Amino acid sequence: MIGKLFDAPRRVRAGSAALLVLAMVIILTTMADSTMQPLPATAPDDRFSAGRALVHLKEFAAEPRPVGSRAGDRARDYLAGRLRAAGLEVEIQRSVGARSAAGLATFGQVDNIVGRLRGTDSTGTVLIAAHYDSAAMGPGASDDGAAVAAMLETVRALRGGSGLRNDIVLLMSDGEEDGVLGAEAFVREHPLGRTGGVLLNWEARGVSGPSLMFETSADNARLVETFAGAVPAPRGHSAMVELYRLLPNNTDFTPLTKAGFTGMNFAYIQGSSLYHTAGDSIANLDPGSLQHHGGNMLALARALGGTDLRTLASDHDATYFRALGTMITYPDRLVWPLAVLAVVAVAGLALAARVRRLLSLPRLIAATASAVVPLAVSAALAQGLWELLVSWRPAYDLMGGLLHRPRPYQAAIAVLCALAVLGWYLALRRRLGPAALAVGALAWFAGLGVLCAQAAPGASFLFALPALTGALGWLAAVLLRTPARARTVVAMFGPVTAAMLLPSLAGDVFDGMGLALGGVSASVLALSGLIAVPIAELFLPDPATRPKRAVVLAVPLTALLLAAGLVAIGLVADDFDADRPRRTHLAYVMDAATRTAHWVSADADPARWTERYVSGHDASALPPGYARGTLRTGPAPAIAAEGPRADVLARSGDTLELHVAAGKGARSVTLRLDRPITRATASAGRFGSVSVPVTGTRTGTWPAEIRFRGIPARGVRITLRIPEQDRIRLTVIAETDGLTAVPGFVPRPPGLVAATREDGDLTAVTRGYTLTGDS
């Protein structure tokens with residue numbers, strides 16, 4: 001029982017037309033998911049203008065502005081001044097934010113900007129949030145300056161229209177890059193942070209691309225309905241929401257929704273190789289992404305500002321996605337019926353094929369089980385390609401797979417996926433039959449649809465819909481006595497549905513996770529190939545005919561040569577230059593007691609500029625507790641710096657109370673201890689006090705670490721709970737941004753930027769202590 005689900009006259013022409021249709025669907029989907037055209041500063045007053053927003057962005061996002069920096073203070077003053085000039089009630093919330101992780105407690109002195117535009121008959125608060133601080137390595141024009149500039153332009157447009165019903169609150173938070181410190185302080189201390197409302201949070205993980213709605217709070221059905229109906233260019237899908245809920249990542253959205261806000265989170269994610277680097281600049285920002293952010297922000301502010309927010313409550317999530325430019329939504333109560341219908345349709349197709357003697361049950365079971373092979377092989381080939389790329393170009397490792405020009409490599413992965421799927425199909429079609437392999441592939445889609453319906457309902461559509469449409473289309477091709485052309489058309493229902501959904505998902509995963517996790521995208525691409533395998537039959541001889549060896553060898557050799565050619569193109573096209581620079585890690589560390597100083601780098605393959613500072617791997621002379629992971633080192637001149645101080649204020653039982661000062665000019669201080677801690681408290685005088693529990697230990701360094709970003713000049717009080725504390729070794733590290741204070745330092749040449757490791761581009765001065773019971 002070996003047969004085909006359908007056949008067609010002029011098979012090669014029909015197959016070519018089918019492939020052309022799939023290519024057009026993928027291209028049209030990509031075009032429909034693009035960003036918006038930016039509007040100039042001369043745009044009508046009631047419209048959002050990227051040109052007008054850029055004027056603000058140039059005022060505060062031309063330099064790095066980490067929490068506690070002077071640049072951060074200048075940005076705060078400018079932004080608060082613009083909000084006051086627009087007529088908003090403005091408050092600077094000064095507080096201490098806190099966050100804990102495994103073995104780590106992070107604190108920071110934050111200055112949140114809170115602006116309020118009161119409504120005419122408010123039914124609640126619409127909170128628009130973005131952070132104005134940046135990573136220390138770059139000016140953060142996209143992350144998150146673009147969203148903050150969009151807030152100013154949105155306020156201008158809102159103030160020019162009729163008053164809104166609801167209160168609009170703008171939160172420009174501080175300290176997000178160091179652990180959402182500002183948002184944490186807002187919900188813990190500010191009255192508006194505890195009243196709840198509807199949240200619109202805006203982020204960026206790149207410098208271009210459409211503004212995607214990638215995360216929501218639970219029970220999002222009414223929010224999704226508002227989003228789909230209000231914004232001019234809705235982008236994103238509910239599978240992103242499910243995926244992000246599984247990841248450990250967080251933004252300001254996390255503490256705000258935990259505090260009771262319901263809402264949506266937005267970001268653009270293309271051009272992610274420049275994320276958290278000096279390349280996140282105004283020059284590299286796509287104005288269309290700024291326009292998309294702001295256009296959606298203004299539309300949602302108007303829609304939510306004018307509605308009764310009490311009607312937005314819902315008791316379920318919605319599935320939402322775009323198909324050829326149209327946003328489709330349906331409630332989660334339809335997820336299981338669609339998943340079950342897909343299973344029933346696939347089972348019906350299998351039964352019909354069995355009755356027509358196109359397959360047998362044993363062959364179908366074998367075909368279904370074997371379909372795991374191309375999925376696993378595709379993932380393995382993608383990950384293997386990444387390992388090869390890193391071995392050929394070690395500098396890629398520091399980029400975490402987020403490359404500047406990854407398209408040739410991504411195309412090579414797509415070719416390797418096609419090879420894996422075709423290899424599986426060609427190897428088994430004579431033994432198991434085309435019909436069994438096609439139905440077995442659909443069974444995977446139906447099974448994944450059911451699995452997602454249980455574990456991640458918002459992602460079930462990715463698999464249930466192609467399975468349902470594919471099974472119904474092929475059932476029609478098998479059962480109906482229609483012309484051959486009609487059978488070919490209905491047989492395309494499943495592949496076309498998959499082409500509308502899966503390649504764009506693979507692209508989003510490539511953009512968000514990079515080639516270092518290319519196996520995830522490869523598996524998605526391989527699934528797309530599985531559902532399209534019947535099209536391959538239109539190019540192949542009868543299954544009973546043994547193909548010529550030359551033909552059998554030509555397919556994999558052609559695919560491998562094409563993939564190799566694409567990789568070669570990638571190695572040439574993605575070479576580093578001034579516009580797309582290489583990353584390198586370098587820091588300076590000096591022991592304040594011995595005046596011994598070193599350069600340190602975590603680069604496995606240092607650039608020539610970095611090699612002038614580091615020459616070996618001997619980390620034994622570094623201050624105790626400083627090293628984290630494997631470092632390269634080199635001698636460095638001492639600088640005139642007093643260094644940090646830690647004075648014991650009190651010690652009782654397992655509690656140690658310290659006064660810690662970083663010294664003149666230092667922005668931050670880090671404490672490392674050779675014993676685990678269970679709780680840490682930071683007190684910064686009038687800025688307040690906050691305490692967090694700490695579990696687990698740090699890896700690659702001493703077990704416990706406490707950070708205080710934006711430390712006041714007078715210092716802070718740190719209280720620690722330390723079990724088994726008879727003898728404690730403590731290293732205090734005062735950190736100053738930049739390396740220019742070190743004699744003989746030569747700035748990086750064009751083509752190099754600081755890596756994103758948090759201890760890079762810092763001048764660190766340390767002081768060690770040994771604390772005993774009588775200290």
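These are my notes on the internal cavities of this structure, which is a predicted model.

**Entry 1: the count.** I went looking for enclosed space and started with how many cavities there are. The count came to 4 cavities of 30 Å³ or more.

**Entry 2: the largest cavity.** I looked up its volume, which is about 130 Å³. Then I pulled the lining residues. Among them are the arginines Arg 672, Arg 707 and Arg 709, and the acidic residues Glu 705, Glu 735, Glu 758 and Asp 759. Tyr 626, Thr 670, Ile 733, Leu 762 and Ala 764 line the largest cavity too. By class I get 7 charged, 4 nonpolar and 1 polar residue in this lining.

Which elements supply at least two residues each of that lining? I found β16 (668-673), β19 (704-709), β21 (727-737) and β23 (762-772). β19 gives the most, with 3 residues.

**Entry 3: the second largest cavity.** This one holds about 70 Å³ of space. I noted its lining as Asn 220, Ser 238, Val 241, Glu 242, Arg 245, Asp 317, Ala 318, Thr 319, Tyr 320, Asp 332, Pro 457 and Gly 458. Two or more lining residues come from each of α8 (238-246) and β8 (318-323). I checked which element gives the most here, and α8 does, with 4 residues.

I sorted this lining by class as well: 4 nonpolar, 4 polar and 4 charged residues.

**Entry 4: side by side.** For my own reference, the lining of the largest cavity has 7 charged residues, while the lining of the second largest cavity has 4. The top contributor is β19 for the largest cavity and α8 for the second largest.

Key: Residues are numbered from 1 along each chain as its sequence is written. This is a predicted model: local features need pLDDT of at least 70, side-chain atom pairs count only at pLDDT 80 or more; totals for chains, interfaces and linings use all residues. Side-chain values use heavy atoms; hydrogens and water are left out. On a 1 Å grid over the protein atoms alone, a cavity is a set of points where a 1.4 Å probe fits but cannot get out, and a pocket is an open set with protein on both sides within 12 Å along at least five of seven lines; lining residues have an atom within 4 Å of a point. Grid points are joined across faces, edges and corners, and a volume is the space filled by probe spheres set on the points. Ala, Val, Leu, Ile, Met, Phe, Trp, Tyr, Cys and Pro count as nonpolar, Asp, Glu, Lys and Arg as charged, and the others, Gly among them, as polar.
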